Amino acid sequence: MFRKIVKNFGPEWGAAVMGTAAICITMQLSSEVSRFFSPLLYVGVGFYLLTTVMLIAFLIPWTLRFFMYPEEIKKDLQNPVRGNFFPTMPISFILAGTGTNKLGPMLFGPSLAYHLSIVFFFLGAIGIFTFGFLLVRTQFLNKDIHLEHANFSWFIPPVSHLIIPVLGACSMDVYWAGTPLAPVLFIISMIALGVGFLNFLFVGAAVWHRYIYHTIPQGRLAPTVMVGIAPTAIIVIFLMKFIQAIEASHGTLFGINLMSIFSSIKIVASMLWGFSFWWLILAAILFTHYVKIKDHPLEFGWWAYTFPFEAFVVATGLLAQCVATHFLHGVLITLNTLVVIVWIIIVVGTVKWLESGAFFKPQH
Amino acid sequence: MKPRSIIIALIIILVPFAIGIPLFIAKRSEAAHQKIHFTTDTRKNAEGLTYKGIKVDWSFSSDWKYKPLFFKAEEYLVFMFHYTNDNQHDVQLMPSYTLVSPGDRDYSANEEIAMYIEDRLEDELRVNDETSITYKISPGTIKHYIVTFEKAQSLDSFYVDVDVFRDVALRIHYEKKDRVWVNYENELVKKYKGRG
């Protein structure tokens with residue numbers, strides 16, 4: 001039975017860890033809105049611990065599959081949909097690291113938590129860059145990829161690179177600011193930001209092209225539209241964390257002065273947040289379309305509805321720390337409630353999907 | 001769905017709440033029993049400093065204990081800064097804080113510990129902490145901000161730079177005398193302005 005599980009344990013399972021991990025951050029941010037919401041910080045710890053259990057539980061079969069069934073891995077890597085889900089596991093490392101950075105001090109004290117999050121940073125970054133190159137190479141050399149294969153899951157590799165600087169900036173924030181590790185974190189983060197941002201633009205154009213000049217993907221890929229919210233939302237998160245890192249470094253980090261960039265960052269972050277909000281509405285419109293034509297089957301891919309939405313909520317919470325605080329705090333609390341509802345629906349859906357036996361019949 | 005599947009789904013969904021709520025109750029009751037001693041509260045003796053119409057006061061606890069769930073408690077240096085706007089117009093503040101120990105070792109404020117102890121400190125001082133990076137203070141009103149520093153072992157003196165004004169920083173000096181932290185000097189230090 002275990003061998004059968006390993007064989008069918010697709011690369012997409014990291015998406016479930018991602019969708020659970022980000023809630024610990026939305027909870028933490030919501031807990032800061034007012035005293036009434038303080039318990040949410042501890043609910044966030046609950047989500048953090050659940051994430052840790054999921055990460056360990058999923059990482060075992062996910063890793064074993066590389067050694068026990070390399071031909072399955074090869075097949076998945078060639079697949080224009082499934083292949084893009086490989087980076088979800090290293091992204092989970094970065095998210096677990098971010099959770100450890102924010103909530104770990106409550107469990108293990110600051111020193112151990114900040115060291116652990118650095119381990120997660122390097123493991124995640126290595127995995128993301130490795131899969132990034134592997135997937136681009138596969139896409140470029142694969143003769144069987146056509147226009148009708150383009151879909152928004154192609155955003156996952158750029159998103160994976162964009163998430164690296166989030167943990168990089170979180171780590172530069174307090175403990176590692178002013179240490180020899182800070183420039184290393186900064187350089188890795190900036191490389192990843194550049195790769196993620198430009199790839200987001202290139203890939204976005206390619207997928208947009210398909211949506212305009214070809215038919216839109218079938219219903220089982222409907223949730224991938226949601227991934228489009230993530231890139232700009234994650235850049236907002238990075239910008240806000242980066243501002244905090246500069247602030248923590250006595251107002252100047254690597255010669256970048258807080259006062260000289262703060263206004264520009266507020267404008268850029270607000271614009272990018274606006275784009276994510278626009279995409280959220282676009283995703284809702286397309287979701288309605290798929291539901292209307294009764295082409296929205298129960299799939300594991302539903303997890304694509306969770307993380308991008310949560311990233312948007314985190315972006316809202318962080319943006320509220322310097323722009324339209326009261327208004328965005330209201331939005332944050334509303335969205336955090338919606339995030340939990342969506343997560344509950346997806347958990348129930350996944351259990352139902354597993355019960356149907358679909359796990360052992362992967363669709364390529 | 002089969003009953004077994006419903007139970008599995010329910011367990012997964014309830015786990016974060018089943019961990020979080022009891023943890024919140026336990027931590028709140030632990031904090032309620034914690035004795036807090038403030039070494040300094042400049043508001044009591046009008047010892048705060050005013051510059052450009054902004055009055056800065058602070059309350060300081062030198063031995064705030066915080067116990068992580070799985071490890072032993074550690075002591076932190078906890079400040080609550082109180083900013084009063086004595087101007088006739090609104091002011092926008094974006095302060096940052098640095099602790100410097102002997103040997104010019106810099107420490108940034110720990111946002112996470114500040115977040116965990118926020119409720120208890122607010123209860124003790126009966127004020128509300130600002131959570132945003134930047135905040136507006138209307139004339140005659142006060143805003144409060146928690147700043148927590150990790151306490152280095154065998155620390156016997158330090159100063160904290162409160163970078164709240166554009167051209168100067170408020171430097172608060174502390175020294176340990178007979179096991180008691182004494183705020184022996186406060187000064188406004190000029191900041192470097194220019195290129196280079």
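Buried means under 20% relative accessible area, exposed means over 50%, and partly exposed lies in between, judged with a 1.4 Å probe and protein chains only. The model above is predicted, so local features need pLDDT of at least 70 and side-chain atom pairs count only at pLDDT 80 or more, while totals for chains, interfaces and linings use all residues. Residues are numbered from 1 along each chain as its sequence is written, chains are lettered from A and ligands numbered from 1 in the order in which they are written, and side-chain values use heavy atoms, with hydrogens and water left out.

**Exercise 1. Place A:Trp278 and describe the patch that A:Trp278 belongs to.**

Step 1. Find A:Trp278 in helix α10 (residues 258-292) of chain A; helices (H or I, at least four residues) and strands (E, at least two) are DSSP runs, numbered from the N terminus.

Step 2. Take the relative accessible area of A:Trp278, 45%, which makes this residue partly exposed.

Step 3. Look for its partners: A:Leu147, A:Trp208, A:Ile212 and A:Tyr213 join A:Trp278 in a nonpolar patch on the surface. Patches are made of residues with over 30% relative accessible area and no salt bridge, with like charges joined within 9 Å and nonpolar side chains (Val, Leu, Ile, Met, Phe, Trp, Tyr) within 5 Å. A salt bridge is a side-chain nitrogen of Lys or Arg within 4 Å of a carboxyl oxygen of Asp or Glu.

Step 4. Together the five named residues have about 570 Å² of accessible area, and helix α8 (residues 181-213) of chain A gives the most, with three residues. Such areas come from the Shrake-Rupley method with a 1.4 Å probe, and for residues only the protein chains shown count as cover.

**Exercise 2. Which residues touch the most other members of the largest nonpolar core?**

Step 1. Start from the rule: a nonpolar core is a set of buried Ala, Val, Leu, Ile, Met, Phe, Trp, Tyr and Cys residues joined through side-chain atoms within 4.5 Å.

Step 2. The largest core has 151 residues, and the members touching the most others are A:Phe58, A:Ile163, A:Ile234, A:Trp303, A:Phe307, A:Trp343 and B:Leu121. Helix α9 (residues 230-248) of chain A supplies the largest share, 13 residues.

Step 3. Now zoom in on A:Trp343. Beyond its neighbours within four places in sequence, its contacts (heavy atoms within 4.5 Å) include A:Phe47 and A:Trp303, as well as B:Ile12, B:Ile13 and B:Pro16 from chain B.

**Exercise 3. Is A:Thr98 buried or exposed?**

Step 1. Locate A:Thr98 in helix α5 (residues 88-108) of chain A.

Step 2. With 8% relative accessibility, A:Thr98 is buried.

Step 3. Leaving out residues up to four places away in sequence, A:Thr98 touches A:Ile25, A:Leu167 and A:Cys170.

**Exercise 4. Describe the build of chain B, then visit two of its residues.**

Step 1. Chain B holds two helices and twelve strands.

Step 2. Its radius of gyration (taken over C-alpha atoms) is 21 Å, well over the 16 Å from the globule rule for 196 residues, so chain B is more spread out than a compact globule. The rule is 2.2 Å times the number of residues to the power 0.38.

Step 3. Visit B:Thr141, in the loop between β8 (135-137) and β9 (142-150). B:Thr141 is partly exposed at 32%, and its contacts beyond four places in sequence are B:Tyr83, B:Thr84 and B:Asn85.

Step 4. Finish at B:Ala114 in helix α2 (residues 111-125), which is buried at 8%. B:Ala114 is in contact with B:Ile146 and B:Thr148, neighbours within four places in sequence aside.
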